[in-house]
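This report describes the fold of one protein chain, beginning with the chain as a whole and ending with two individual residues. Please keep the sequence and the structure in view while reading.

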Amino acid sequence: MILPRSNRLAPDQLEAVTAIVREFGCGIQPIVGAVRTIYAIVGDERDELMINRLEGLDFIERIDRIQSPFKLMDRRSDLATHRITVGGVTLGEALFVIAGQCTIDPKNPNFFYETAAAVKEAGAQALRGGVWKPRTNPYTFQGDARSLDILMEGSRRSGLPVDAEVMDESHVRLALDAGVHILQVGARNALNYSLLRSIGAAVAQRDTVVLLKRSIHMGTLNEFISAAEYVAAFGNPNVILCPRGTAPALDGYRNHPDESITPLLKEKTWAPVVVDPSHSVGRASYVPACALAAVAYGADGLCIEAHVSPSSGIGDDPKQALTPEALSETIAQAGELWGIRAARRRSHAGSKQA
Ligand code: PEP
Ligand code: MN
């Protein structure tokens, strides 16, 4: 929909606009109002270049797109009925919790094996463990490829599928060859389009799932969904969106918690939403409340950092990992809330039918 700066386009302006959209196979339909006339673009309006050229005209105020730019991730796309299943759990049908260490310590693999057992015992459906770590400071521990074996051993021992972050194509290859079930794209790489493309293509032939974090610097929701569209467009529709806090705007939390965007995402896309409360708030004592808020907002799952002995952990674990007790309690409460939400959905559906 084209909105001119003036109440209507002058004939030469309409001619210029029509000439542009025609180049892209579209036409113009004026919608005449009492005061103002606006102009519908008739045809496929998703071509970015067409929109840019229209927006570049100084007599145009703005273009409102009616069509979604997401061919695959849109709620109304053909993929909308696609369901993602990990380790036997279909997202959306039951609360899906990924839990485990921020970072695997290759010198202390037993901590990870104990954490894996505790995560399973607490009721989580998947195990996380950082192998390669994106660290702000180049002198801090960067992860260690040897941790991949520890991660997979944790998966074998616990029977849980595993999630690990990949930061470049070599990690993607190694993780896929090892059998990692969920490839995590972190907040720092969520805008790395060449990585998103190669992940989409690399996992196209497999059942691998991608957990796409929201970048610290992402603004609009469309920017987030577009990143998911990259992975899907290049071959893998198994994308889970993971809000994890944006650039910090408060003194107290590590990031600005953004679990409240969950219902907004769900209006635009069919993709499941798994919220990471750990990085959102950055401190173990705040994590349970953020996790419950996420479920209240409609999240399909949670990604929570947990460690059998947080103070012995590395990476983020000493400050933000939950103990097994806190994790169990959080998962139990989140499960209850999930049940309340499901009952509410059923009663809404029932009252609509009545
Ligand atoms: C992590 O999951 O440990 C991590 C580094 O996450 P993020 O990319 O959200 O900072
Ligand atoms: Mn972490």
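## Overall organisation

In the protein chain, 70% of the contacts between residues at least 6 apart in sequence join residues at least 24 apart. The model is predicted. The secondary structure of the chain consists of 12 helices and 14 strands. Along the principal axes, the C-alpha atoms fill a box of roughly 75 × 55 × 45 Å.

The chain has 354 residues, and 51% of them count as buried. Its accessible surface comes to about 16000 Å², and carbon and sulfur atoms account for 51% of that surface. The chain carries 37 positive and 40 negative charges, and the mean positions of these two groups are 2 Å apart.

## The parallel sheet

How are the 8 strands of the open sheet ordered? The order is 12-11-10-9-8-7-14-13, and the pairing is parallel. Strand 12 (239-242) and strand 13 (274-275) are the edge strands, each of which pairs on one side only. In general, strands of a sheet pair through backbone hydrogen bonds, in either a parallel or an antiparallel arrangement.

The table lists three pairings within this sheet.

| Strand pair | Sense | Bridges |
|---|---|---|
| Strand 7 (residues 96-101) and strand 8 | parallel | 4 bridges |
| Strand 8 and strand 9 (residues 162-165) | parallel | 2 bridges |
| Strand 9 and strand 10 (residues 182-185) | parallel | 3 bridges |

Individual residues can be followed across these pairings. Gly100 stands opposite Arg128 in strand 8, and Arg128 in turn stands opposite Asp163 in strand 9. Leu127 has Val162 of strand 9 as its bridge partner. One step further along the sheet, Ala164 is matched with Leu183, its bridge partner in strand 10.

Are the residues of strand 8 (residues 126-129) buried or exposed? Ala126 and Arg128 on one side, and Leu127 and Gly129 on the other, are all buried, and both faces of the strand are thus covered. Strand 9 shows a comparable arrangement: Val162 and Ala164 point one way, Asp163 and Glu165 point the other way, and all are buried.

## Helices that connect the strands

The connections between these strands run through helices. Strand 7, helix 3 (residues 109-122) and strand 8 form a right-handed β-α-β unit. From strand 8 the chain crosses through helix 4 (residues 147-158) to strand 9, and this β-α-β crossover is right-handed. From strand 9 the chain passes through helix 5 (residues 169-178) to strand 10, again in a right-handed β-α-β crossover.

## Two loop residues

Two residues outside the strands and helices may now be considered. Ala145 lies in the loop between strand 8 and helix 4. Its relative accessibility is 43%, and because this value falls between the limits of 20% and 50%, Ala145 counts as partly exposed. Leaving aside residues up to four places away in sequence, Ala145 touches Val131 and Trp132. Ala145 and Ile261 are 116 residues apart in sequence, and their C-alpha atoms are 34 Å apart in space.

Asn255 is placed in the loop between strand 12 and helix 8 (262-268). Why does Asn255 count as buried? The relative accessible area of Asn255 is 5%, and the residue is buried because this value is under 20%. With residues up to four places away in sequence left out, Asn255 touches Ile216, Arg244, Gly245, Thr246, Ala247, Pro248, His279 and Ser280. Asn255 and Arg62 are 193 residues apart in sequence, and the distance between them in space, C-alpha to C-alpha, is 33 Å.

Conventions: Residues are numbered from 1 along each chain as its sequence is written. Chains are lettered from A and ligands numbered from 1 in the order in which they are written. This is a predicted model: local features need pLDDT of at least 70, side-chain atom pairs count only at pLDDT 80 or more; totals for chains, interfaces and linings use all residues. Side-chain values use heavy atoms; hydrogens and water are left out. Buried means under 20% relative accessible area, exposed over 50%, partly exposed in between (1.4 Å probe, protein chains only). Contact means heavy atoms within 4.5 Å. Accessible areas come from the Shrake-Rupley method with a 1.4 Å probe; for residues, only the protein chains shown count as cover. Lys and Arg count as positive and Asp and Glu as negative; His and the chain ends are not counted. The place of a charge is taken as NZ of Lys, CZ of Arg, CG of Asp or CD of Glu. Two strands pair if DSSP finds at least two bridges between them. A crossover is right-handed if, with the strands pointing away from the viewer, the path from the first strand over the helix to the second runs clockwise.
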